[in-house]
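I opened this notebook to record what I looked up in one structure, beginning with the chain as a whole and then turning to individual elements.

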Amino acid sequence: MNGMNAYQIGAELRAHILRHQRQGPVDAKRLQALVADFCGGEQHELIAPLRHLVSSSTFAIAAGTDPPLGDQQNLQILSHELAQVFSPLLYDRLQPVLQGLMGVAETHPISTRSAAPPSAFSASTTSELATGAVASPLVGGGGKTSTNAVLAFLSGVLVMTLAGVVLLVWQRQSTLAPAAPDTSTSAPAGAPEISSDPVNSRALPLQPEPRSASSDQPITVSVADRALRSIQDLYNSLSAKDFEKSRLLYGSGAADQFTPVFFNQFERVTTQDLRITSQTGSTLNLEGVVTFVWPDGSLQSETRSFSVDTSTAPAFITASEFGRVITPRR
């Protein structure tokens, strides 16, 4: 399984769904386990986004159609689901997986090649140009033919000469040191005073401005996965009435949102459609849908926001707020 490429991972997930389509709704937990099995080696970074995808309501709708994953419009809908949460680089890596899931032919994006430096004008290229000039069709005969031949030869020599000049200029420019920046006569406010003595001037180099410790860092797959896992583990613990374990996942700022008295009334509690909305330092802000199921089978779905500190292990839920009711109890 570890040798699969991205398209094959999607195709295997699709095959599993089609084999079990008559057994009822898609088992998201089973698919999440298969994702972990399929995404080995270089595909390991795809585990978190694919687990997010297969547990979303968008995917459940697409997989619940007849036949499953048969509507090609779902490819665009699922792509949009991933684009809202994950980086463009990771989003591009997931496109072959989606194509495999939907059973469409794998497509490869056309890679743009960077412009070649003047050294790309190789001797073989210039010789081909010269040969082409000499070998161009000659019209007429006698002196006219000789004149055309001389002109063709001179054209080839000119092309080779120009190519050599361009190559020489490019090589000389590449060896030159970058020009020193233009310095202002007056120092900016807060800059260290530099003496006119060249010895003392060398003793006071300008230091780069330190990076703020609170500045936002790029959201990596592992960071996003830790935040998503803590929220999912929290609701798994609350659903299992394991309140001692759940208390290890949230702080005092969120304690009033996860009281045992409130969650004891439900048969099951689940969360899905989690997505990252913003970042402040090491804290990720997310939104998702929470569904409460009572013992009589009635249920209610509502949106909820979370703030998760990813600098700890496991990630720590520092705040949570109710959003709105999507599906009232029925």
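The entries below follow the order in which I consulted the structure.

**Entry 1. The chain as a whole.** I note at the outset that this is a predicted model. I looked up the secondary structure and found 12 helices and four strands in the protein chain. I then turned to burial: of the 330 residues, 34% count as buried. For the accessible surface of the protein chain I recorded about 20,400 Å², with 57% of that area belonging to carbon and sulfur atoms. I also examined contacts between residues at least 6 apart in sequence, and 58% of these join residues at least 24 apart.

**Entry 2. Helix 1 and helix 2.** I next asked at what angle helix 1 and helix 2 cross. The axes of helix 1 (residues 6-19) and helix 2 (residues 28-38) cross at roughly 145 degrees and come within 11 Å. I recorded the crossing as right-handed. On the side of helix 1, the residues that meet helix 2 are Ile9, Glu12, Leu13, His16 and Ile17. Their counterparts in helix 2 are Arg30, Leu31, Leu34, Val35 and Phe38. Sorted by class, this contact has seven nonpolar residues, two charged and one polar. As background to such spacing, I note that an α-helix has 3.6 residues a turn, so residues three or four places apart point the same way.

**Entry 3. Helix 3.** I looked up how many residues of helix 3 are buried. Seven of the eight residues in helix 3 (residues 47-54) are buried, so the helix is largely enclosed by the rest of the structure. I listed the buried residues as Ile47, Ala48, Pro49, Leu50, His52, Leu53 and Val54.

**Entry 4. The sheet.** I traced the four strands and found that they form an open sheet in the order 1-2-3-4, with antiparallel pairing. Strand 1 (268-280) and strand 4 (316-327) stand at the edges with a single partner strand each, so one side of each has no neighbour in the sheet. From one strand to the next, the twist averages 20 degrees. I then examined strand 1 and strand 2 (residues 283-293), an antiparallel pair joined by 10 bridges. Within this sheet I noted that Leu284, in strand 2, is the bridge partner of Gln279.

**Entry 5. Helix 10 against the sheet.** Lastly, I asked which strands helix 10 lies across. Helix 10 (residues 221-239) lies across strand 1, strand 2, strand 3 (299-309) and strand 4. I recorded its direction as about 155 degrees to strand 1.

Technical notes
Residues are numbered from 1 along each chain as its sequence is written. This is a predicted model: local features need pLDDT of at least 70, side-chain atom pairs count only at pLDDT 80 or more; totals for chains, interfaces and linings use all residues. Side-chain values use heavy atoms; hydrogens and water are left out. Helices (H or I, at least four residues) and strands (E, at least two) are DSSP runs, numbered from the N terminus. Buried means under 20% relative accessible area, exposed over 50%, partly exposed in between (1.4 Å probe, protein chains only). Contact means heavy atoms within 4.5 Å. Accessible areas come from the Shrake-Rupley method with a 1.4 Å probe; for residues, only the protein chains shown count as cover. Axes are lines fitted to C-alpha atoms, for helices over the stretch in contact, and angles run from 0 to 180 degrees between N-to-C directions. A crossing is left-handed if the near helix is turned anticlockwise from the far one by less than a right angle, and right-handed if clockwise. Ala, Val, Leu, Ile, Met, Phe, Trp, Tyr, Cys and Pro count as nonpolar, Asp, Glu, Lys and Arg as charged, and the others, Gly among them, as polar. Two strands pair if DSSP finds at least two bridges between them.
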